[in-house]
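Let's take a walk through this one together, starting with some rings and then moving on to the helices around them. Have the viewer open and follow along.

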Amino acid sequence: MCKQIAPSAELSTWFGCDPARFVEFARRYQLELHAPVRASALNSLCELARHQTVTLLTAIRHIEVSQATILADLVTTRIGA
């Protein structure tokens, strides 16, 4: 499931962990998550989060500009937590 939810290699390369690009990265990443395989994986993650604690990991030092932050917000919104 993790690979299906991760940002594409192209998007990650473009982003390069540059905080100045985070807003656009978040927008593009959320668009990627609408693709069928990614959307299905995100739905599975949300379902899992409804029943148990889910831990999101990232290698980015500044968590506030990571895909984990975006995913956490999406999951929280979808499950109503």
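Phe25 and Tyr29 are both buried in this predicted model. They belong to helix H3 (residues 22–32), and because they are four residues apart there, about one helical turn separates them. An α-helix has 3.6 residues a turn, so residues three or four places apart point the same way. Now look at how the two rings meet: the centres of Phe25 and Tyr29 are 5.8 Å apart with the planes at 15°, so this pair is stacked. The cut-off for that label is planes under 30 degrees apart.

So much for one pair; what does a search of the whole structure find? It turns up four aromatic pairs. Among them is Phe15 with Phe22, which is tilted, at 6.3 Å centre to centre and 50° between the planes. Phe15 is buried, at a relative accessible area of just 3%, and Phe22 also counts as buried, at 15% relative accessibility. Put the residues together and you get one aromatic cluster made of Phe15, Phe22, Phe25 and Tyr29. While you're looking at rings, check Trp14 as well: the charged end of Arg28 sits over its ring, 4.0 Å from the centre.

Next, helix H4 (36–51). H4 has 16 residues and reaches 23 Å from first C-alpha to last, close to the 22 Å expected at 1.5 Å a residue. Which residues of H4 are buried? They are Arg38, Ala41, Leu42, Leu45, Cys46 and Ala49. Seen down the axis of H4, these buried residues fall within an arc of 140°, so they line one face of the helix. On the face turned away from that buried side you'll find the exposed residues Pro36, Val37 and His51. As for neighbours, the buried residues of H4 pack against H1, H3 and H5.

That brings us to helix H5 (residues 67–79), whose 13 residues reach 18 Å from the first C-alpha to the last, close to the 18 Å expected at 1.5 Å a residue. The buried residues here are Gln67, Ala68, Ile70, Leu71, Leu74 and Val75. Looking down the axis of H5, you'd see them fall within an arc of 160°, so they line one face of this helix too. What do they pack against? The buried residues of H5 pack against helix H1 (2–5), H3 and H4. Finally, just follow the chain out of H5 and you come to Gly80, whose phi is positive, near 70°.

Terms used:
Residues are numbered from 1 along each chain as its sequence is written. This is a predicted model: local features need pLDDT of at least 70, side-chain atom pairs count only at pLDDT 80 or more; totals for chains, interfaces and linings use all residues. Side-chain values use heavy atoms; hydrogens and water are left out. Rings of Phe, Tyr and Trp (its six-membered ring) pair if their centres lie within 6.5 Å; planes under 30 degrees apart count as stacked, over 60 as edge-to-face and the rest as tilted. Buried means under 20% relative accessible area, exposed over 50%, partly exposed in between (1.4 Å probe, protein chains only). Helices (H or I, at least four residues) and strands (E, at least two) are DSSP runs, numbered from the N terminus. A charge sits over a ring if NZ of Lys or CZ of Arg is within 6 Å of the ring centre and within 35 degrees of the ring normal. The expected span of a helix is 1.5 Å times one less than its number of residues. The arc is that of the directions from the helix axis to the C-beta atoms. Contact means heavy atoms within 4.5 Å.
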